[in-house]
Amino acid sequence: MDKKSPSSPPPCTVLICICTLVVIAVSIYVAQNDAETRSGSANEHVAIELAQNLTVTVFKNGGNQTLASPSLKDTIDTGDPSCISTLRQKAFQALYPGSPTGTLWTGTGHILHQASQLTEGMLLYAVKPNDLFVWPGVYRGHKVQLNALHGNSEPLQLITLSISPRLFVVENFLTTLETDELVTIAAKTNPFNSKVQGSGGEEHYSEVRTSSQTWLRHSHGDVVEAVDRRVAELVRIDWEYFLQIHEDMQVVSYGAMQHYHCHYDHFDEDLHHNKPFVLNGTNRLATVYFYLQPPAAGGETSFCKGDPSFSLGEDDIATEMHFDDKQPALDFNGPADHGNCPGMRVGPRKGRAILWYNIDMEEQHKGFNDELSMHAGCDVLQGQKVGANKWIHNKPGDVRYTGDGFEDNKWFVVKDRDTGMDYYWNPITETTQWEKPKGEGITIERMKV
């Protein structure tokens, strides 16, 4: 199903009706990652005196204002029913040469359908077909009004904490009732000690990660599905498609002096070669992390390659803060190894959610790691910290989290990318083998990636 929009936009609406023919001049300043010098006048001039001049800026998906540079100017006749289609085509030709035309999104996370949506100075974002919309940072301190998300009657704000790494915060994303209920449900599911991935694909215990964890599915309670639906609305993904690309909610608990040192949420191909979906480019696009139960002291989340001066404390409330100078934090290259919890820290405020992206956006479908997404769970100094991860993938492929789970006797046939030969994979035990599995009750299905 189409996860974003209908294939063709509705007819455009004429913005000025006091003149028989109205032409609106639209100057498209396309954002690129290299600095260029603006040339020419700010707007194209039109012959009709009553025509309105609108200047919009079109960025690549997730592009930021601090990286903008002009590259295309054009005049659009909004009386033409195909005006938005023309605008899309021009933008994609400039931003993604050779790519099929996708959709244009507004800075509030909505698809641009008609000319009546255009306003002076509007920022637009070009999203390629089959890619998912990525929130633009714009600048540090930028705020987007989210209005009421699923199950939460209070309007919320998505606030940019950092451009590099790309990091956002939403205060009061969960209610106190929801956080307490999730903690209670998780405690009843027999949490187990967390492991890390070894170089041979095996998991093992390590002092790098000393927490305990469990997984929650929708069957564990209505609150789990309600929060998942809210996450889907936050990242602007249709619910039915979201169900194909999300992982179950991971609830993680840290006791005194427990932590998870600097790491990536991204699945590394070398470490996760026993997960065939990773080899086919499916990976964790985004992480939404909620603070369910803050400790008495410690337990921050650190972004190991972020600017420490941009930290957000537990007692800070982002919606009430003033961010000076709209700093982009583009040039900080601090060390990632000065202690176990370096970089930019976010304090564990109850109900707070943070969102960051794990994938290089230039070729989203390939699932390449964004090196700046490295992060850590800092030592809990006093008390207990409970938080939850919600991971969203860049495309379908990870069959482990697309329903109520599989039994150990469920196997998939996978075509090896290098040899073209079929092998067999069990997503629960993460076992791979060339021989066809045998035994009572075993079922085998070809994996669709």
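Arg-352 and Glu-171 are both buried, and in this predicted model the two residues form a salt bridge, with the closest N and O atoms 2.8 Å apart. Their positions in the chain are distant: Arg-352 sits in the loop between S18 and strand S19 (353-357), while Glu-171 belongs to the loop between strand S8 (167-170) and helix H2 (176-187). The two residues are 181 residues apart.

**Other salt bridges**

If you scan the whole structure, 10 salt bridges turn up. As a reminder, side chains of opposite charge can pair when their charged atoms come close. Three of the pairs are worth walking through here, including the one above.

Arg-284 also pairs with Glu-247, the closest N and O atoms being 2.8 Å apart. Arg-284 lies in strand S15 (residues 284-293) and Glu-247 in the loop between helix H4 (239-245) and strand S13 (249-254), so this salt bridge ties together parts that are 37 residues apart in sequence. Both Arg-284 and Glu-247 are buried.

Then there is Arg-229 with Glu-225, a salt bridge whose closest N and O atoms are 3.0 Å apart. Where do Arg-229 and Glu-225 lie relative to one another in helix H3? They are separated by about one helical turn, because they are 4 residues apart in that helix (residues 222-234). Arg-229 is partly exposed, having a relative accessible area of 26%, and Glu-225 is partly exposed as well, at 27%.

Here are the three pairs side by side:

| Arg | Glu | Closest N and O atoms |
|---|---|---|
| Arg-352 | Glu-171 | 2.8 Å |
| Arg-284 | Glu-247 | 2.8 Å |
| Arg-229 | Glu-225 | 3.0 Å |

**An open sheet**

Now to the strands. An open sheet is built from 4 strands in the order S14-S20-S17-S18, with antiparallel pairing. Which strands are at the edges? They are strand S14 (260-263) and strand S18 (344-346), each of which pairs on one side only. From one strand to the next, the twist averages 15 degrees.

At the S14 end, 2 bridges join this strand to strand S20 (residues 375-377), and the two run antiparallel. His-263 stands opposite His-375 in S20.

**Two disulfides**

The cysteines bring us back to these strands. The model contains 2 disulfides. A disulfide is a covalent bond between the sulfur atoms of two cysteines.

One disulfide joins Cys-262 and Cys-304, with the sulfur atoms 2.2 Å apart. The pair links distant parts of the chain: Cys-262 is in strand S14, whereas Cys-304 is in the loop between strand S17 (301-303) and S18, 42 residues apart. Is each cysteine buried or partly exposed? Cys-262 counts as partly exposed because its relative accessibility is 24%, and Cys-304 counts as buried because its value is 1%. The torsion about the S-S bond of Cys-262 and Cys-304 is about -105 degrees, so this disulfide is left-handed.

The other disulfide is formed by Cys-341 and Cys-378, whose sulfur atoms are 1.6 Å apart. Cys-341 lies in the loop between S17 and S18, and Cys-378 in the loop between S20 and strand S21 (380-382), so the bond ties together parts that are 37 residues apart in sequence. With a torsion of about -60 degrees about the S-S bond, the disulfide of Cys-341 and Cys-378 is left-handed. Both Cys-341 and Cys-378 are buried.

Terms used
Residues numbered from 1 in each chain as written. Predicted model: local features only at pLDDT ≥ 70, side-chain atom pairs only at ≥ 80, totals over all residues. Heavy atoms only, no water. Pairing = 2+ DSSP bridges. Axes fitted to C-alpha atoms, helices over the stretch in contact; angles between N-to-C directions. Salt bridge = Lys/Arg side-chain N within 4 Å of Asp/Glu carboxyl O. Buried < 20%, exposed > 50% of the residue type's maximum accessible area, 1.4 Å probe, protein only. Disulfide = S-S within 2.5 Å.
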